[in-house]
Amino acid sequence: MSDNGPRWTGSDFQVPPRAGGAVALCGACSRTGQCHLGMLREQLDDGVLRAHVTCSPEHEGGPNVAHGGWTAGIMDEVLGHLPMHLGTLAVTATLEIKFIRPVPIGRDLLASSWLDRREGQRLYVVGELRLASTNAELATAKGVFVARDRAHFDRQQAWLAEQDAAGDSAPRA
């Protein structure tokens, strides 16, 4: 794959973004060229992934605050990008979010993640979401990510095809 090619080819992220603050995009976001969760740029420095994020009004839950699902989603994104920056394809096994304060929409936010430890194929990643202007803590997260090989998503598609075939042959009520 060329360095200027797409970062998604149907089997997950291929390479982390180049230095200078680009963002690795998932399959859906690569089609539009921007992160729908509002991640604007990311960079790994000294083992800490730092991302600049803004929650758009499309993800408003309560008045002028982010939906809790958005907060969980952006934390999954930031924690999940760390293994990629470390050269490992990994998928989320567990994710725990602690909601500390309502997350304001339309404000500059800083999300960070770092590796707590690695045990075999399991990467234990922790992170936080803060208001950029004051550094006030808004949410924390911890997750377990499991390293996978590039055939992981091919196996998922094969499994799903088996499920579809089994569903087609199942008796109908």
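Asn135 sits in the loop between S5 and strand S6 (137-147). The model is predicted, and this residue is a good place to enter it. Phi of Asn135 is near 70°, a positive value in a residue other than glycine. Asn135 has 44% relative accessibility, so it counts as partly exposed. The cut-offs matter here: partly exposed covers the range between under 20%, which is buried, and over 50%, which is exposed.

Step back to the whole chain. The protein chain has 3 helices and 6 strands. Read from the N terminus, the elements run α-β-β-α-β-β-β-β-α. The chain holds 173 residues, and buried residues make up 37% of them. Take the contacts in the chain with a separation of 6 or more. Residues 24 or more positions apart account for 56% of these.

Now follow the strands. Strand S1 (39-45) leads into S2 through a loop that holds Asp46. S1 and S2 pair in the antiparallel sense over 6 bridges. Within this pairing, Glu42 has Ala51 in S2 as its bridge partner. The two strands form a hairpin with 2 residues between them, and there Asp46 takes a positive phi near 50°. Asp46 is a residue other than glycine with such a positive value. Is Asp46 buried or exposed? Its relative accessibility is 83%, so Asp46 counts as exposed.

S2 has another partner. Strand S2 (residues 48-53) pairs with strand S4 (residues 109-119), again in the antiparallel sense. This pairing also runs over 6 bridges. Here Ala51 stands opposite Ala111 in S4. Ala51 thus links the two pairings, as bridge partner of Glu42 and as the residue opposite Ala111.

S4 continues the series. S4 and strand S5 (residues 122-131) pair in the antiparallel sense over 10 bridges. Leu115 stands opposite Val125 in S5. The hairpin of S4 and S5 has 2 residues between the strands. In this hairpin the positive phi belongs to Gly120, near 60°. In a regular strand the side chains alternate between the two faces of the sheet. That general rule is worth keeping in mind while tracing these pairings.

Leu44 ties strand and helix together. Leu44 lies in strand S1. At 27% relative accessibility, Leu44 counts as partly exposed. What does Leu44 touch, leaving aside its neighbours within four places in sequence? Leu44 is in contact with Leu49, Leu82, His85 and Leu86. Of these, Leu82 and His85 fall within the range of helix H2 (residues 68-85). Across a longer stretch of sequence, Leu44 and Ser113 are 69 residues apart. In space their C-alpha atoms are 9.3 Å apart.

Helix H2 comes next. What span should its 18 residues have? At 1.5 Å a residue, H2 should span 26 Å. The expected value takes 1.5 Å times one less than the number of residues. The end C-alpha atoms of H2 are 26 Å apart, which agrees. How enclosed is this helix? Of the 18 residues of H2, 13 are buried, so the rest of the structure largely encloses it. An α-helix has 3.6 residues a turn, so residues three or four places apart point the same way. After H2 comes Gly87, whose phi is positive, near 85°.

Further along the chain, look at Asp149. Asp149 is found in the loop between S6 and helix H3 (152-169). At 43% relative accessibility, Asp149 counts as partly exposed. Asp149 and Thr88 are 61 residues apart along the chain, yet 8.7 Å separates their C-alpha atoms. Which residues does Asp149 contact, leaving aside its neighbours within four places in sequence? They are Leu89 and Arg155. Arg155 falls within the range of H3.

One pocket closes the tour. The second largest pocket holds about 250 Å³ of space. Its lining has 14 residues. Nearest its centre lie Gln34, Cys35, His36, Gly38 and Leu40. Leu40 falls within the range of S1. How does the lining divide by type? It has 6 nonpolar, 7 polar and 1 charged residues.

Terms used:
Residues are numbered from 1 along each chain as its sequence is written. This is a predicted model: local features need pLDDT of at least 70, side-chain atom pairs count only at pLDDT 80 or more; totals for chains, interfaces and linings use all residues. Side-chain values use heavy atoms; hydrogens and water are left out. On a 1 Å grid over the protein atoms alone, a cavity is a set of points where a 1.4 Å probe fits but cannot get out, and a pocket is an open set with protein on both sides within 12 Å along at least five of seven lines; lining residues have an atom within 4 Å of a point. Grid points are joined across faces, edges and corners, and a volume is the space filled by probe spheres set on the points. Ala, Val, Leu, Ile, Met, Phe, Trp, Tyr, Cys and Pro count as nonpolar, Asp, Glu, Lys and Arg as charged, and the others, Gly among them, as polar. Helices (H or I, at least four residues) and strands (E, at least two) are DSSP runs, numbered from the N terminus. Buried means under 20% relative accessible area, exposed over 50%, partly exposed in between (1.4 Å probe, protein chains only). Two strands pair if DSSP finds at least two bridges between them. Contact means heavy atoms within 4.5 Å.
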